[in-house]
Amino acid sequence: MARTKVKGLDAIYGAIRDIPDFPKPGILFRDITPLLKEPKLLKRVIREMAGPFENRPVDSVLAIESRGFILGAPIALALGASLVLARKPGKLPWKRHRVEYELEYGTDAIEIHQDAIEAGDRVLVVDDVLATGGTAAAALRVVEQAGGRLVGVSFLIELTALEGRKRLGGTKVRSLLTYPRSA
Ligand code: AMP
């Protein structure tokens, strides 16, 4: 199970704030806002998240609402790729592709504009946190629905105990930080 091994990540781990019981009891929320206040650290994060995909052609970066947008835009710029927004229902104004996915209770969906990805485009998916993998798996399906070719998925944080990676099939998955923190 390949994970990016990057040295000297202490400062980046130090800029992630843990908030217990948010947004509901039992969830330990990984808050990236302290990282957003540190331009040098954020720049490094973008470099590290884009790095594993620099040697492959990437036409588009599909960023998942909403914290995925923050990371996805500079990663797209770093890779010279276009930016595709994957949004919750009701937000995108033009014709859409839509994929529904299961939540603990009920369902949710993500959408992209139909003209956001051209058939054959090579697409990298970006989000802040890989938890159960439900959201990212839906993003992979929407890429497929649009006729795109998946290059991989890049996360800032992976919550390994939830095994979300297993839901992402054989695609190349990279995460910069892991919790519990690996040695
Ligand atoms: P999942 O579909 O379970 O992989 O959840 C992924 C989405 O939920 C991501 O877009 C994250 O932003 C958010 N998320 C899930 N768990 C956490 C967490 N512990 N801390 C921060 N964000 C989370």
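These legends walk you through several close-up views of a predicted model.

Residues are numbered from 1 along each chain as its sequence is written. Because the model is predicted, local features need pLDDT of at least 70 and side-chain atom pairs count only at pLDDT 80 or more, while totals for chains, interfaces and linings use all residues; side-chain values use heavy atoms, with hydrogens and water left out.

**View 1. The ligand and its shell of residues.**
Welcome to the ligand, which has 13 residues around it; a residue is near a molecule or strand if one of its heavy atoms lies within 4 Å of it. The closest are Arg67, Asp128, Thr132, Gly133 and Thr135. By type, the shell holds five nonpolar, four polar and four charged residues. Here Ala, Val, Leu, Ile, Met, Phe, Trp, Tyr, Cys and Pro count as nonpolar, Asp, Glu, Lys and Arg as charged, and the others, Gly among them, as polar. At least two residues of the shell come from each of E2, strand E7 (122-130) and helix H5 (134-145). These labels are DSSP runs, numbered from the N terminus, with helices (H or I) of at least four residues and strands (E) of at least two.

**View 2. Oxygen atoms of the ligand and the protein atoms beside them.**
Look for arginine 67, where a polar side-chain atom lies 2.7 Å from an oxygen atom of the ligand. Aspartate 127 has an N or O atom in its side chain 2.7 Å from an oxygen atom of the ligand. With glycine 134 the backbone takes part: one of its N or O atoms lies 3.4 Å from an oxygen atom of the ligand. On its own the ligand has 490 Å² of accessible area, and the protein covers 81% of it. Accessible areas come from the Shrake-Rupley method with a 1.4 Å probe; for residues, only the protein chains shown count as cover.

**View 3. Glutamate 158 and its side-chain partners.**
Glutamate 158 is found in strand E8. Is glutamate 158 buried or exposed? Its relative accessible area is 2%, so glutamate 158 counts as buried; buried means under 20% relative accessible area, exposed over 50%, and partly exposed in between (1.4 Å probe, protein chains only). The side chain of glutamate 158 makes a polar contact of 2.9 Å with that of arginine 165, and another of 2.5 Å with the side chain of serine 175. A polar contact is a pair of N or O atoms within 3.5 Å; within protein, one must be able to donate a hydrogen and the other to accept it, and residues adjacent in sequence count only if both atoms are side-chain atoms. For a wider look, find valine 45: it is 113 residues from glutamate 158 in sequence and 14 Å away in space, C-alpha to C-alpha.

**View 4. The loop between E1 and E2.**
This loop runs between strand E1 (17-20) and strand E2 (28-31), and proline 23 is in it. The peptide bond from phenylalanine 22 to proline 23 is cis, with omega near 0 degrees. Aspartate 21 shares the loop between E1 and E2. Although aspartate 21 is not a glycine, its phi is positive, at about 60 degrees.

**View 5. Backbone features on either side of strand E9.**
Glutamate 163 lies in the loop between strand E8 (149-159) and E9. Its phi is near 55 degrees, a positive value in a residue other than glycine. With 44% relative accessibility, glutamate 163 is partly exposed. In the segment after strand E9 (173-179) you will find proline 180. A cis peptide bond links tyrosine 179 to proline 180, with omega about -5 degrees.

**View 6. Some landmarks for finding your way.**
Valine 84 sits in strand E4 (residues 82-86) and is buried, at 1% relative accessibility. Valine 173 is 89 residues from valine 84 along the chain, and their C-alpha atoms are separated by 19 Å. Tyrosine 13, in helix H1 (residues 10-14), is buried at 11% relative accessibility. From tyrosine 13 to threonine 171 the C-alpha separation is 26 Å, with their positions 158 residues apart along the chain. Glycine 147 belongs to the loop between H5 and E8 and is partly exposed, with a relative accessible area of 31%. The C-alpha atoms of glycine 147 and glycine 14 are separated by 40 Å, and these residues are 133 apart along the chain.
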